[in-house]
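Subject: A structure for you to look at

Dear colleague,

I am handing over a structure that I would like you to look through at your own pace. Please open it first, and then read the notes underneath with the view beside you.

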Amino acid sequence: MTARTNHDDLRKIVAGHGPMLVAYSGGVDSTLLAVVARDVLGEKTRCVLLDSPVVPRSAVEQAQEIACELGLGLDIIDVPLMSNAEFRMNPSDRCYFCKKVSAVHLRKRAAELGLACIADGINVSDTGEHRPGFRASTEEGIVHPFIEAGITKQDIRDIARDLDLPVWQKPSAACLASRIPYGDAITEGKLRRIEEAEAYLTSLGIGQLRVRLHGGLARIEVHKEDRKKILEQQSAVVKKLKQLGFTYITLDIEGYRSGSMDEVL
C-alpha cells in the first residue's frame, strides 16, 4: 500500500474510535498518531506524556517543543513508576508492569477529559519483538490504531515524511531502563548515569546510540559510521564516563541494534 492509502485507512480507524487520549512521547509513532487524531477529531483529543525517572529530561523537552510546534494539546503527568517493586526488580517482562502502572494514570486523565478511548503508537513492526508492554496495554483496553491499519514502522516514517512532520527521521528511542540487563535492579542512580552518558555522547555529534550498563561497564552501541567519532575522541569519552561512575568503557563492535538486551532471552 502507498503512504496515502495507509494515511486514509488510519484516519478512518481513528474516526471510528472517536474522542481519543493519545499516549505521547514525542517520537515519530506517537506524534503521527497525535497529528492524525487532531486532524480527524479536532478538540476531542489530547496528548499525555507520562514522566518518570526512566524518561530522559531531553526527551521531555523535545516532546514539549514538538507538541508546541505542531499545535498539539499536551499534558505531562508524573508517574511514581519507581514505587513499583516488580518493575524495580527488572524481570524480562518489566515493560508489562510499567504499562500496567501507566494505564492507571492514562485512564484517570481520560476520564477527567471525557475521552472514552486511549490509544498508543504501537505498530505492526513492534509485534515481532519482545513486547510484554503490548500485552499489558491491550489488557487495559488501550487501542493500537497502527496495528488495526496494518501499518509498519517504515509506513509511519513514510506518512510522516509526506505530511512534512519534523520528526519523520527522528531516531528510535526507548526508556532508560532498557539499558540495564534483566535481573539487575533498576535504581534512579543507574538511570541518571546512563542518561548523562548518552547526553554527553550525543553532544559529540553521535546519532543513534545506546549506553548499556553491565555492572561497572559501559557498552556503547553506535552505528558503524559513528564509531570513528568515538575513537577519535577516545580519551575524552573515557574520562567523562569514568567521571560518571563507569569503571570500564567499551565500544560494541556489533554496533547499535534495537533491543539488544533481549538477545539473552
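The notes below cover aromatic rings, charges over rings, and cysteines.

Please keep in mind throughout that this is a predicted model.

I began with the aromatic rings. A pair of aromatic rings is described by the distance of the centres and the angle of the planes. The count comes to 1 aromatic pair, and this pair is made by Tyr-96 and Phe-97, whose ring centres are 5.6 Å apart and whose planes stand at 90° to each other, so that the arrangement counts as edge-to-face, a label given to angles over 60 degrees. Tyr-96 and Phe-97 are both buried.

Next come the places where a charge sits over a ring. Arg-161 lies over the face of Trp-168, at a distance of 5.7 Å from the ring centre, while Arg-193 has its charged end over the ring of Phe-246, 5.5 Å from the centre of that ring.

Finally, I turned to the cysteines. A disulfide is a covalent bond between the sulfur atoms of two cysteines. The structure holds 0 disulfides, and Cys-68, for example, takes part in none, with the nearest cysteine sulfur, that of Cys-47, lying 13 Å away. Why is Cys-117 without a bond to Cys-47? The sulfur of Cys-47 is the closest cysteine sulfur to that of Cys-117, but because the distance is 13 Å, it is too far for a bond. As for their surroundings, Cys-68 counts as exposed because its relative accessibility is 65%, whereas Cys-117, at 7% relative accessibility, counts as buried.

With best wishes

Technical notes: Residues numbered from 1 in each chain as written. Predicted model: local features only at pLDDT ≥ 70, side-chain atom pairs only at ≥ 80, totals over all residues. Heavy atoms only, no water. Phe/Tyr/Trp six-rings, centres within 6.5 Å; stacked < 30°, edge-to-face > 60°. Buried < 20%, exposed > 50% of the residue type's maximum accessible area, 1.4 Å probe, protein only. Lys NZ or Arg CZ within 6 Å of the ring centre and 35° of its normal. Disulfide = S-S within 2.5 Å.
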